[in-house]
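User: I am new to reading structures, and I would like to understand how each label is justified. Could you go through the reasoning with me step by step?

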Amino acid sequence: MEISLPKFCFLEDKFVPWEDAKVPVSTHALHYGTAVFAGLRGYWNGKQNQLYVFRPRDHFERLHDSVRFLLIDLKFSVDELINITKELIKKNEFKCDVYIRPLAFKATGPKIVGMDITKIPSSFLMFALEFGEYLPLGGGLSVCTSTWRRIPDVGIPARGKISGAYVNSCLAKAEATLSGFGDAIFLTEDGHVSEGSAMNLFIVRKGTLITPPVYDDILEGIVRRSLLQVAADLGIPTEVRPIQRSELYVSDELFFCGTGVQLAPIAKVDNRPIKDATMPVTKKMQEEFFAIVRGEREKYKHWLIPIYE
Ligand code: PMP
């Protein structure tokens, strides 16, 4: 498989050629998952000759929240991180849809082996890649309920994007893949619907969009929050409340949302087809979402940062 690698990466405090962006094998994060990250998308609009990054301020504010859990010293402010993002995209001359991955991590400490993160210095990197669909967007996605439970917030903070916690996501995704499903839905320890392996979830019942609350161990997703607002603006009723597993089987429609997945309609849950295969609400939300992120809705342009002058 041919992978096209970007030219430049940001490491520590400067841009370096991709080949020179290396970290030592003693890096604490590599052994213990002591890193936090963000995932942003940039959308190319060919007509406007512009690349728009979706809600970077919100992503970097959440990154600043995430570092608090692991005592990572993130030395760049939100504005500085936005500037690094702009510079990174320009240096790589991207004129396509991109995925941007900042990572703040525990580097090498005085003891190398050990769990005391209080004395381990922090480091930072950011790269961007040309990126397309993460999951199919056309409506054929078949998902399962995972036998793995979503890590409870009292184990690893769910509202942080903490690298180590993604082992939980990988277990669920691997189980889904090995069983022939496209992705998985996590339940919380007490059996409520939480989210997908690495994305939030909405169900639609009788025209109302419903999504689990933040206290059901979800990541506080930026796309989820955006869609709640867009739905309200469109006059579509929304509810944020606990969802039971059985409710998945009687939903009219379901979809995943998040930066990576964008807005992916779900056709089947645990091999049961959804009730309304025409997916009217999901399709409306999907249409709005893609128009917004590509800079085609004036009303939401303040969510976007244009890269090229
Ligand atoms: N939940 C998890 C576990 C995630 O990793 C993500 C991000 N991919 C989301 C939800 C969606 O969050 P956002 O809309 O901020 O990308």
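User: Which residues come nearest to the ligand in this model?

Analyst: In this predicted model, the ligand is surrounded by 13 residues, and those that come nearest are Arg-62, Tyr-166, Glu-195, Ile-222 and Thr-259. The shell around the ligand is made up of six nonpolar, four polar and three charged residues.

User: What makes the approach of Thr-259 to the ligand a polar contact?

Analyst: The cut-off for a pair of N or O atoms is 3.5 Å, and an N or O atom in the side chain of Thr-259 is 2.5 Å from an oxygen atom of the ligand, so this pair counts as a polar contact. The side chain of Arg-62 likewise has an N or O atom 2.7 Å from an oxygen atom of the ligand, while a polar side-chain atom of Glu-195 lies 2.7 Å from a nitrogen atom of the ligand. On its own the ligand has 390 Å² of accessible area, of which the protein covers 95%.

User: Which pocket does the ligand take up?

Analyst: The ligand takes up the space of the largest pocket.

User: How do you know that Cys-9 forms no disulfide?

Analyst: A disulfide needs two cysteine sulfur atoms within 2.5 Å, but the closest cysteine sulfur to that of Cys-9 belongs to Cys-96 and is 17 Å away, which is too far for a bond. For Cys-257, the closest cysteine sulfur is in Cys-144, at 18 Å, and is therefore also too far for a bond. A search of the whole structure finds zero disulfides.

User: Why is Cys-9 called buried?

Analyst: The word applies under 20% relative accessible area, and because Cys-9 has a relative accessibility of 5%, Cys-9 counts as buried. Cys-257, with a relative accessible area of 0%, is buried as well.

Conventions:
Residues numbered from 1 in each chain as written. Predicted model: local features only at pLDDT ≥ 70, side-chain atom pairs only at ≥ 80, totals over all residues. Heavy atoms only, no water. Buried < 20%, exposed > 50% of the residue type's maximum accessible area, 1.4 Å probe, protein only. Near = heavy atom within 4 Å. Polar contact = N/O pair within 3.5 Å; in protein donor to acceptor, adjacent residues only side chain to side chain. Areas by Shrake-Rupley, 256 points an atom, 1.4 Å probe, with all protein chains shown as cover. 1 Å grid on protein atoms, 1.4 Å probe; cavity = no way out; pocket = protein on both sides within 12 Å on 5 of 7 lines; lining within 4 Å. Sits in = over half its atoms within 2 Å of the grid points. Nonpolar A, V, L, I, M, F, W, Y, C, P; charged D, E, K, R; others polar.
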